[in-house]
Amino acid sequence: MLQIHHLYIARAHNYFGHHGQPPGEEPMIEMREIECEAGRGICGDRFFDYKRNYKGQITFFSREVYEELRTEFGFSEAEKPPGVLRRNVVVSGGNLNDLVGVDFEIGGVHFRGTQECSPCHWMNEAVHRGAEQWLRGRGGLRAQILTSGMLRAG
């Protein structure tokens, strides 16, 4: 069973749609709870109502992979908290790649895993040089929100 450690939203994009341009400066905002709306996304997040049936209405990242990443590149959580990865929900307790194509539930909210969040070249800037390559195959999970509800950290 997946346990939620961190919840994040961002009001605008830093990397998405910025190819060939400098990144934006919109911070990830850590939340104690987030409101998920079926088929629409997370209230207040940059991908809310992005497009009908969007495959990335919410994104997940593994706490275990984050810890391995910190060890590999030698940074502390204080220097680069999990929000640096620009994913909405940081969880532990399962392999997120196993949820691609699967309906699952966390905290009473139902989701459908759609695909891996493939790391992009921005990870080398946001996290550490070499992070894009290191994160291949473990960049997190994109999902659609199937039922509305609140997710809470802790």
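Visitor: Which residue in strand 8 stands opposite glutamate 105?
Guide: In this predicted model, strand 7 (103-106) and strand 8 (109-116) pair in the antiparallel sense over 4 bridges. Within strand 8, the residue opposite glutamate 105 is histidine 110.

Visitor: Which residue in the turn between strand 7 and strand 8 has a positive phi?
Guide: The two strands form a hairpin, with 2 residues between them. The phi in question is about 55°, and the residue in the turn that has it is glycine 107.

Visitor: What stands opposite glycine 113 in strand 9?
Guide: Strand 8 also pairs with strand 9, in the antiparallel sense and over 5 bridges. Strand 9 covers residues 141-145. Opposite glycine 113 stands alanine 143.

Visitor: Why is one side of strand 4 and of strand 10 left without a neighbour in the sheet?
Guide: Here 3 strands form an open sheet with antiparallel pairing, in the order 4-3-10. Strand 4 (41-42) and strand 10 (149-152) are at the edges, so one side of each has no neighbour in the sheet; each has a single partner strand.

Visitor: Which residue of strand 10 stands opposite isoleucine 34?
Guide: Strand 3 spans residues 33-37 and pairs with strand 10 in the antiparallel sense over 4 bridges. Isoleucine 34 and its opposite residue are both among those that touch the most other members of the largest nonpolar core. That opposite residue is leucine 151.

Visitor: How many residues are in the largest nonpolar core?
Guide: Val89, Ile106 and Phe111 are among the members that touch the most others. Elements giving two or more residues to this core include strand 1 (3-9), strand 5 (58-62) and strand 6. Apart from it lies another core, of 14 residues, including Phe61 and Leu135. The largest core has 22 residues.

Visitor: Which residue of strand 10 does valine 89 touch?
Guide: Leaving out residues up to four places away in sequence, valine 89 touches Ile4, His6, Leu7, Ile34, Ile58, Thr59, Phe60, Phe61 and one further residue. Strand 10 runs over 149-152. The contact that falls in this range is Leu151.

Visitor: Is glutamate 77 buried, partly exposed or exposed?
Guide: Glutamate 77 lies in the loop between helix 1 (63-73) and strand 6 (89-92). Buried requires under 20% relative accessible area, and exposed over 50%. At 27%, glutamate 77 therefore counts as partly exposed.

Visitor: Which side chain makes a polar contact with the side chain of glutamate 77?
Guide: Glutamate 77 touches several residues, among them His6, Tyr66, Arg70 and Pro82. Tyrosine 66 is 11 residues away in sequence and 9.3 Å away in space, C-alpha to C-alpha. The polar contact, at 2.8 Å, is with the side chain of arginine 63.

Notes. Residues numbered from 1 in each chain as written. Predicted model: local features only at pLDDT ≥ 70, side-chain atom pairs only at ≥ 80, totals over all residues. Heavy atoms only, no water. Buried < 20%, exposed > 50% of the residue type's maximum accessible area, 1.4 Å probe, protein only. Contact = heavy atoms within 4.5 Å. Polar contact = N/O pair within 3.5 Å; in protein donor to acceptor, adjacent residues only side chain to side chain. Pairing = 2+ DSSP bridges. Core = buried A, V, L, I, M, F, W, Y, C linked by side-chain atoms within 4.5 Å.
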